[in-house]
Amino acid sequence: MDIQCTQKELALLQEVATAATSLQRETYLVGGFVRDKLLGRPTTDIDFVCVGDALELAGAVAARFRPTPSVDYFKSFGTAHFFLRPDSPDTPPYDLEFVGARKESYHPSSRKPSVEPGTIQDDQLRRDFTINALAISLNPTTYGQLIDPFGGIGDLDKGVIRTPLSPDTTFSDDPLRMMRAIRFATQLGFTIDSNTWKGIVDNAERIRIISQERITDELNKIVEARIPSVGFDLLYKSGLLKLIFPQLVALVGAEYKDGQGHKDNFYHTLQVLDNVAKSSTDRWLRWAALLHDIAKPATKRFEEGHGWTFHGHEVVGGRMVPKIFTALKLPLNDKMKFVRKLVELHLRPISLTKENITDSAVRRLLFDAGDNFESLMILCEADITSKNKQKVKRFLDNFLWVRQRCREVEEKDHIRNWQPPITGELIMEVFGLSPSKPVGIIKDAIKDAMLDGEIPNSYDAAYAFMLKKAAELGLVPVAGQ
Ligand code: ATP
Ligand code: MG
């Protein structure tokens with residue numbers, strides 16, 4: 001296996017080596033950068049470990065660059081890092097992280113170890129997986145030599161995640177490593193060694209001592225992987241998922257009654273997530289896929305003569321989104337609103353696949369989806385997971401038809417970014433009203449008339465309609481209007 005570094009990276013490593021040599025500090029490249037470079041994966045985070053004071057080394061390295069980057073020092077952790085400005089605005093900066101080689105020992109109630117200075121061997125021993133414990137010397141007589149005490153290269157070759165020490169101790173010491181093992185397996189397409197896997201299954205309960213933020217960081221990395229289902233399936237099978245995301249586990253399984261079953265909504269959801277991942281890298285669209293059917297268990301009924309139904313699961317699911325985002329400490333901002341909206345709307349395009357659909361129904365979908373129309377269509381197309389190829393083709397063709405109808409109506413009526421041509425302020429001014437119920441009634445009536453095709457999407461038509469509607473409510477324009 002070869003390290004594939006750019007000229008710029010090689011020059012950068014040379015600067016670190018020169019600074020380290022002049023401080024007589026034994027220094028190594030270590031961790032994710034070595035792993036990813038050996039795998040040929042893009043990476044800009046570079047971790048250095050040195051025997052002795054890493055803060056001084058970071059300062060000495062930074063001083064070799066112009067303009068000199070400002071260094072963040074974390075004295076109590078014995079680490080320091082700085083960013084090196086990118087060559088162009090399109091490329092991310094390098095993040096150089098320096099840490100002093102250390103020996104760690106753990107206490108059962110915390111994932112924070114007590115730390116003392118150590119050798120490079122001690123430092124490699126504290127790392128979570130063999131593939132993350134590789135180091136490359138930056139020292140004068142051994143420059144470029146790989147130090148692989150645990151067979152990390154072999155595991156990279158075989159595609160295996162394995163702990164250097166006993167899995168039980170590794171995961172009990174720092175249970176976040178269980179999430180990391182599953183996340184790396186997902187990102188790299190690796191398998192988890194069977195002993196390591198047993199360590200995860202046996203220690204799953206220990207995840208409770210990990211902060212939600214760290215768990216959610218790992219979940220997001222799984223969501224953003226090329227085939228995210230791999231990670232969720234492993235989380236489920238390890239017993240971690242029921243502890244960190246019980247609402248997803250509630251989707252598992254198919255119930256049978258009177259010989260009728262429904263699909264396993266967990267595996268359906270994972271397939272929808274993978275399908276979305278093929279079309280979009282958007283983290284939040286992927287979250288919408290993960291949550292689109294989340295209320296199926298809560299709304300499940302068996303109707304005699306009809307079978308299983310999940311009436312209203314999109315509405316109930318929409319309401320669950322802010323709760324789940326709160327529990328997972330995901331942001332409660334416009335991203336959450338986007339996910340909620342997609343969950344709420346995910347059945348709407350299907351209802352438009354019938355023949356003879358009216359312009360009015362198309363306008364309502366365009367209006368409700370707005371800028372998220374394309375995302376919604378990606379979700380709906382991903383939601384077709386039937387094994388019957390003919391059925392899939394028929395549904396996809398139907399969605400093509402919906403897209404075309406939406407395009408036609410949008411070109412004609414410009415609904416997607418519709419702004420009310422008549423504002424509430426104008427209504428108040430014309431009729432001398434203060435903020436009150438009739439203002440809302442008139443505004444909604446104008447919107448409905450436009451969506452129903454009663455009036456065209458224009459200011460003049462809306463103004464005339466406003467006068468008519470107001471008259472029905474017994475309102476007359478004030479003098480001068
Ligand atoms: P990524 O940057 O994609 O998350 P990474 O392997 O670089 O992957 P970092 O969190 O950046 O992960 O950590 C850098 C290195 O520090 C890892 O490669 C590993 O050697 C070590 N490390 C990080 N977290 C842990 C942990 N919880 N337990 C043991 N070693 C860890
Ligand atoms: Mg990293």
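The questions below ask how labels given to parts of this predicted model follow from computed values.

Q: Why is ligand 1 said to lie between domain 1 (1–157) and domain 2 (159–244)?
A: Domain 1 and domain 2 both give residues to the shell around ligand 1, so the ligand lies between them. The domain assignment of the protein also gives domain 3 (274–413) and domain 4 (424–472). The centres of domain 1 and domain 4, taken over C-alpha atoms, are separated by 65 Å.

Q: What makes a residue part of the shell around ligand 1, and which residues come nearest?
A: A residue is near the ligand if one of its heavy atoms lies within 4 Å of it. There are 15 residues around ligand 1, and Arg35, Arg127, Asn132, Asp174 and Arg177 come nearest.

Q: Which helices each supply at least two residues of this shell?
A: These are α2 (32–39) and α7 (176–188). The largest share, four residues, comes from α7.

Q: How many residues of the shell around ligand 1 are charged, polar and nonpolar?
A: By class, eleven are charged, three are polar and one is nonpolar.

Q: Why is the pair formed by arginine 127 and ligand 1 called a polar contact?
A: The cut-off for a pair of N or O atoms is 3.5 Å. An N or O atom in the side chain of arginine 127 is 2.9 Å from an oxygen atom of ligand 1, so the pair is within the cut-off. Arginine 183 also has a polar side-chain atom 3.1 Å from an oxygen atom of the ligand. For glycine 32 the polar atom belongs to the backbone, and its distance to a ligand oxygen is 3.2 Å. The protein covers 76% of the 580 Å² of accessible area that ligand 1 has on its own.

Q: Why is histidine 107 called exposed?
A: Exposed means over 50% relative accessible area. Histidine 107 has 52%, so it is exposed. This residue is in the loop between β6 (102–105) and β7 (114–117). Its C-alpha atom is 9.7 Å from that of aspartate 174, which is 67 residues apart from it along the chain.

Q: How do you know that cysteine 50 is in no disulfide?
A: The two sulfur atoms of a disulfide must be within 2.5 Å. The closest cysteine sulfur to that of cysteine 50 is in cysteine 5, 19 Å away, which is too far for a bond. A search of the whole structure finds zero disulfides.

Q: Is cysteine 50 buried or exposed?
A: Buried means under 20% relative accessible area. Cysteine 50 has a relative accessibility of 1%, so it counts as buried.

Q: Why does serine 229 count as buried?
A: The relative accessibility of serine 229 is 13%, and the limit is 20%, so the label applies. Serine 229 lies in helix α10 (residues 229–238). A polar contact of 2.5 Å joins its side chain to that of aspartate 274.

Q: What makes histidine 313 buried, and which polar atoms lie around its side chain?
A: Histidine 313 has 6% relative accessibility, which is under 20%, so it counts as buried. The residue is in helix α16 (residues 313–327). Its side chain is joined to that of aspartate 293 by a polar contact of 3.1 Å. A polar atom of the histidine 313 side chain also lies 2.9 Å from the backbone oxygen of phenylalanine 310.

Terms used: Residues are numbered from 1 along each chain as its sequence is written. Chains are lettered from A and ligands numbered from 1 in the order in which they are written. This is a predicted model: local features need pLDDT of at least 70, side-chain atom pairs count only at pLDDT 80 or more; totals for chains, interfaces and linings use all residues. Side-chain values use heavy atoms; hydrogens and water are left out. A polar contact is a pair of N or O atoms within 3.5 Å; within protein, one must be able to donate a hydrogen and the other to accept it, and residues adjacent in sequence count only if both atoms are side-chain atoms. Accessible areas come from the Shrake-Rupley method with a 1.4 Å probe; for residues, only the protein chains shown count as cover. Ala, Val, Leu, Ile, Met, Phe, Trp, Tyr, Cys and Pro count as nonpolar, Asp, Glu, Lys and Arg as charged, and the others, Gly among them, as polar. Domain bounds come from an automatic or database domain assignment. Buried means under 20% relative accessible area, exposed over 50%, partly exposed in between (1.4 Å probe, protein chains only).
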